[in-house]
Every structure is written in C-alpha cells, then in structure tokens.
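Visitor: I should like to learn how helix packing and chain contacts are read from a model. May we take them in turn?

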Protein chains: 2
Amino acid sequence: MNAIAQDLYADLDTPAAVVDRARLAANIARMQDHMNALGVALRPHVKTTKCLEVVQAQIAAGARGITVSTLKEAEQFHAAGITDILYAVSMAPSKLPRALALKRAGCDLKIIVDNVAGAEAIVAACRESGLALPTWIEIDTDGHRSGITPEQPELLDVARVLDAAGLVDGVLTHAGSSYELNTPDALAALAEVERAGCVRAAARLREAGIACPNVSVGSTPTALAARALDGVTEVRAGVYAFFDLVMHNVGVCRQSDVALSVLTTVIGHQPDKGWIVVDAGWMAMSRDRGTSRQGQDFGYGLPCTLDGEPLAGWLMTQANQEHGIIAPVDGAAPGDVTERFPVGMRLRLLPNHACATGAQFPEYAAVDESTVEIWPRFYGW
Amino acid sequence: MNAIAQDLYADLDTPAAVVDRARLAANIARMQDHMNALGVALRPHVKTTKCLEVVQAQIAAGARGITVSTLKEAEQFHAAGITDILYAVSMAPSKLPRALALKRAGCDLKIIVDNVAGAEAIVAACRESGLALPTWIEIDTDGHRSGITPEQPELLDVARVLDAAGLVDGVLTHAGSSYELNTPDALAALAEVERAGCVRAAARLREAGIACPNVSVGSTPTALAARALDGVTEVRAGVYAFFDLVMHNVGVCRQSDVALSVLTTVIGHQPDKGWIVVDAGWMAMSRDRGTSRQGQDFGYGLPCTLDGEPLAGWLMTQANQEHGIIAPVDGAAPGDVTERFPVGMRLRLLPNHACATGAQFPEYAAVDESTVEIWPRFYGW
C-alpha cells in the first residue's frame, strides 16, 4: 500500500462507496466509442449510479438523453437540466399524473408500455390533460421478463390503441438474459437476436402504417458485444459506467476496470478461523450474490488493498448487517490475520453488482490520484 | 379486498413500505411483556426500523435505552432526545472522534470491543479527550461472528487494558446463529447457551476484581425463546418490531404478525407463463433471500391482498431492479392472470428480511384501519 493512497482515504469514515474516476472515465469512453463506431446513439441507464456528476460525464462523452428506472430519477435529473428522458418501466396507470407533471414542466419524457390496458390508460390521461406522452412499445426478445414478442398479434393491438391518439414513438427491448452468458460469441449472438427482434417489431408497425422513429435496444453485455446494429437508432446500457464482478464473470470487463468499491476498516478477528471482521456488511455491499450463479463465486465481494490490488485467495465470505467476514478460500492458509490485517487497517471491496451496492450509499467518494470529491446520489421512488 | 383498504392505499405511489400499526404495537407489547416476565430490561436494536416513531413506541412500552448498529443511528436518535445508547459493533479506532463528539454532546454512549488493539485505542482516545466511553466487552457464545469466548485468556487481557482507565462497563453477546434454528426447544437451548456464556464472562471479570455491571444478551429468536435469564441485566432484539418471513420460518411469529410489507402495482403480465409483473423489484424488496436456506423458500416475498391475506400458491419468484415477477409455485394453475390481477391492481408483499427491505425506503407509510401516516427513516453511515 502506498502512502498517497493511505492519505487519500484517511478522512473518509467507513464503510464508504469509492468511485475510481480514472476507471469511470475509461469505462464511459469505451462504451461511447463502441456506439460511435456502430453508428448509433447511446442513452445511458442512470439507475446504476443515480449521480449527476456521472451522468454529466456520460453526456459530455457523447451520450444523447438518459434512461431512468423510476420517476424520481426522471424528476431529479430533469431538475438538474436534462430533458431527454426515457422511463423504461412499463407505465402503471397510477403513475401517469407524475409523468404528466414532468411533461408539463418541460421534460421531453418518453414512456413505455406492453399491454392494451396500460396503453388505454395512457391515451385517456393524455386526452384528459391535453398533453402527449410519446410512448415506446416494449418488445420481448429473450423471454426473460416483460414485453410483447415481435410476432405476437398483441403488438398491433397495443400500437393501434396508442396510434389513435398519435402516441406511438418507438419500440424498445432489453435482452437482460445476457447476464447469464459468458463468451463473446454467445453475447454477440444474443445482441443480434435483440437487434433483429426489435427491428422486426418496428417493421411490423410500419407495415401497418404506423410510424416508428425510435428503435432502442440494449444491456451492457449485448451493447459491448454487438458487431452491427442495422435498423437500431439507440442503445441503452447502465452498469458499464462502474462495471462489477458479475460483469467480470460475463466477460465484458476486467477486475481492474471495476470503478466502484467499498472502503472498509478491520474491526476484529477470529484468528483460529482465519477470519478478518470488517465494518462493511450487507448494508454496505447489498445482499446481491449475483456471482453465486456464475463460473466464479466472489461471495459478498473481493477484498483489495487501498491501491486496488485484489487479495488473491481471500473473499468476503459472510455478511451481517454491519459486519463482514473476510476469509481465505480454496484452502489458502490465512497466516496470522491479526498481524497481516491489524485492527484499523483499511481495505477496498469490489462488489458483485454495482447497481445494488451503490444504492446502499447516500454519496460516493470520487477519487483520483490525489483528491477526493463527494458526489451525492439519491434513492427512493 | 374491501373498499376501505383500497381507499387507504389509493394516494400512495408504489413501491411503498407499509407498516401495519396494529401488528407493530402487538409485536412491541409481546416482546416487552416477555422481558418484564423474565425480569430483565429490553434495549431494542433500532437497526431494523431506523425510525423515531417506532422507537418512541418501544420506549413508551417500557424499553430502556436503545442499541444501534451505526454511529449515524446514534447521532440521529440522540438528536431526537434519546440518551442511553449502545453502539453494538466493535469499535474501529477511526470512529472514536465521532463517538467522543456524541459523548461531549451529552449522549450516554456505550461502545463495545473484542480485542486488545481496539481497547488500547479506546483508552488512548479517552485519556486524550478527558472523556470516558463506558465499554462493554463482546463475548462469542455461538461462534458465528465476533467476540471472545468466555474462557479465552484474551478476555482478561482486554478487560485489564480497559480497566486501567476505568472503562469496563459490561459484557455482551449476540447468538446470531439462532436464525438457523426452527424449534422452540432448540431456540431455548441456544438462549441458555447465550445467557450462560455471557454470565460466565462477567463472573471471570468479577473474579479478577473488575466490576461488570451490565450483562447484555440477545437476538429476537433467543429473546422470545428464553425461559430464564438469571444473571442477565438486559436483552437486545431488533427485528421483532416488524418480524418477517425468516422469523416466521424460525418459528417465532406467524405470517399475520409481519408488520412490514411492500405495496406494489401490477404493470403487466406474461399470460402464457402465468407471470404477473409488478413495480417492486429487488430495489424495493432488497436482494435478501434469507428464506432460501430455510424450510420454506418464499422467493423474494409472499404476495398478499391489500387486506393482508396471503395469496396461497403464489410467490415473487424473480426480481430485477424495478420489476418483480409473481408466479404460481408448486405447479399451481395460474388461470387467466390478466383477469385476476389486472394492470393497476395493487398487492402487498411480505418480505424475507425486514431489516434489509426497510433499508431500501426513505419512509414508511404507517397505516391503521382508516389513516396513513408517513414516518421518515434514514440510511447511510
């Protein structure tokens, strides 16, 4: 551990969510460059970071508009001056007043829906308010969650309900099952399925005489793996800004690309068991155990030195609310943990899932080589 | 579903964390009555709720002081007028300035430690500041996490370091492995192990001429199962205020005692799969899958009607960040989900783990038969 790193973190209480600004910038540039090369717009999903400083960096790098997972995200980012916002969760009728309030306030809000009842509620609310909420129809290209498959009759049923009020503005899909893959070829194949399905849905609308200007696809793995995106107008991706151990296992980043870590302090030991007890438990790391279903299980996180070097042979193996237990794995000998990891020593933990870990913190400590900035983030709905 | 329940929830946006006030009051009374019958004080752990209204109800029912898991909890509750506070995570040296600031502000803060290095840091900080932080030594009675076992030589090593500055104020233990049990006899046996071990540790201190006024034990399951607590001065427990599905599986509450639920709205379906898609995902429920290791796995939560009646045969089986999938389990026939659970319908979800689910929300909607109050809660460190 070098002295600069130690000084840098000295004023932070633990646990703290640390963002490595150099890694963040490289991750943002990598995705934007790939989208530029493919000739499509990038609309980052801000649900991962919920942080204005990160989103401003994404826009400065070339992103066009943002994707949100809650209307609170839309409200917060609109208040900060961002107007081109897509709310990418199928619209609940009870949320329409909040969406219309955003529209009324000048937000260029787009919403999505995948069913006739929801579409009818959108049309009714728009007619009543005299406002138009441009609506994208959600397409199911991999069977993992929501949406209408490209060939389903219901696609045109929903489109016609919306079209009667002039609200059809696009189609979108999210091949979230990409998280279950781990080879470039499998990811590229799924990216093509995602592209082709969404483009086909757009074509069906157009064949029915309904304009469909926007064709939106994406997930971080398929976005990075896509080799061509003909017919697609934009890509959505979120976790790429931070990356995490799940993405490492999917194969789209290295451990040394992960920009989010949790700073923690050693508070005790169980020397006979080789346990180091730290003050980051599941409240800090989240309960996300996404890597448990992948090729390499990282427990609750991968401990690193303050410089970011992974401690080979160690994992956070257990977590209580405010306690984490770091222990040797695969039969590694712990040695004298009280000597090697004394009380008060600090470590950084790479998380399984950046979206879940980030959400546990009111702010990020954004660090470069010599400075720490505090970047607020928000939560709730 | 009755009309009153529907009206009650109509103004809440979803997802929302709903607290059933009648259940909360009954849970608080049950634990307090049991402690009164056993002749010990109750020091509730506020990490579950982080909510002043709940803690005030616990104190009104007879609780003496509170237990906190973070110094932020101590600061928030001290600012609200509560002075008798135990910070029950082994003290990190870097947190001593914050603890001393609380002490200086008039908080009767107690801290804990389980190692010599930590004890030396406490003594040094107290000497330097001229303040005394009464310190309880953490005892390990079930091997699940931190602490010194009652017979270990290190117990007296730590005690002597603290005693040289007059700081020894008690011993405490937490038999957290109680969460892995599920019969009254096994829980009662562990409660006795927890009691006997902590009382024995206190006796060793006293034999060495060190006063040990406080003997603190507890976890919700052992607290409720304990049949006698001779030698114990106080019990700590937290999750009992809300209870949850993990506690139901442990056998210390009924489903109808669970006071915390997540209100959600149906936003879509995959009728062929029998899936109901709702707007509560893991961001609302948390990623806690505590029941997956127990006798009955409740997925990400048990759906109920607005009246709180469980929907037998259904679970939230999958969760993405802002999407939950509710599906039939054990081969139950879903029927026409679009008819039975139309878009816009609202449900309540009982959580696996109330501490984790509550932490996802900035506030609770506290409901009784006819009113909704908003109770703030806080997060972070």
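Visitor: In which sense, left-handed or right-handed, does α2(A) pass α3(A)?

Guide: This is a predicted model, in which local features need pLDDT of at least 70 and side-chain atom pairs count only at pLDDT 80 or more, while totals for chains, interfaces and linings use all residues. Residues are numbered from 1 along each chain as its sequence is written, chains are lettered from A and ligands numbered from 1 in the order in which they are written, and side-chain values use heavy atoms, with hydrogens and water left out. The crossing of α2(A) with α3(A) is right-handed (the near helix is turned clockwise from the far one by less than a right angle; anticlockwise would be left-handed).

Visitor: At what angle do the axes of α2 and α3 of chain A cross?

Guide: Two packed helices are described by the angle between their axes and the distance between the axes. Here α2 (residues 21-38) and α3 (residues 52-60) of chain A have axes that come within 10 Å and cross at roughly 40°. Axes are lines fitted to C-alpha atoms, for helices over the stretch in contact, with angles from 0 to 180 degrees between N-to-C directions; helices are DSSP runs of H or I with at least four residues, strands runs of E with at least two, numbered from the N terminus. α2(A) is therefore oblique to α3(A) (under 35 degrees is roughly parallel, over 145 roughly antiparallel, 65 to 115 roughly perpendicular, the rest oblique). L24(A), I28(A) and Q32(A) of α2(A) contact V54(A), A57(A) and Q58(A) of α3(A) (heavy atoms within 4.5 Å).

Visitor: How do the axes of α6 and α7 of chain B cross?

Guide: The axes of α6 (residues 116-129) and α7 (residues 154-163) of chain B come within 9 Å and cross at roughly 5°, so α6(B) is roughly parallel to α7(B).

Visitor: What area is buried between chain B and chain A?

Guide: The size of an interface is often given as the accessible area lost when the parts come together. For these chains it is about 4800 Å², 53% of it from carbon and sulfur atoms (1.4 Å probe, summed over both parts). On the chain B side, R145(B), Y379(B) and W381(B) lose the most area, together 18% of what that side buries.

Visitor: How many salt bridges are found across the interface?

Guide: There are eight between chain B and chain A (a side-chain nitrogen of Lys or Arg within 4 Å of a carboxyl oxygen of Asp or Glu). D279(B) pairs with K95(A), the closest N and O atoms being 2.4 Å apart.

Definitions and conventions
Buried area = accessible area lost by both parts, 1.4 Å probe.
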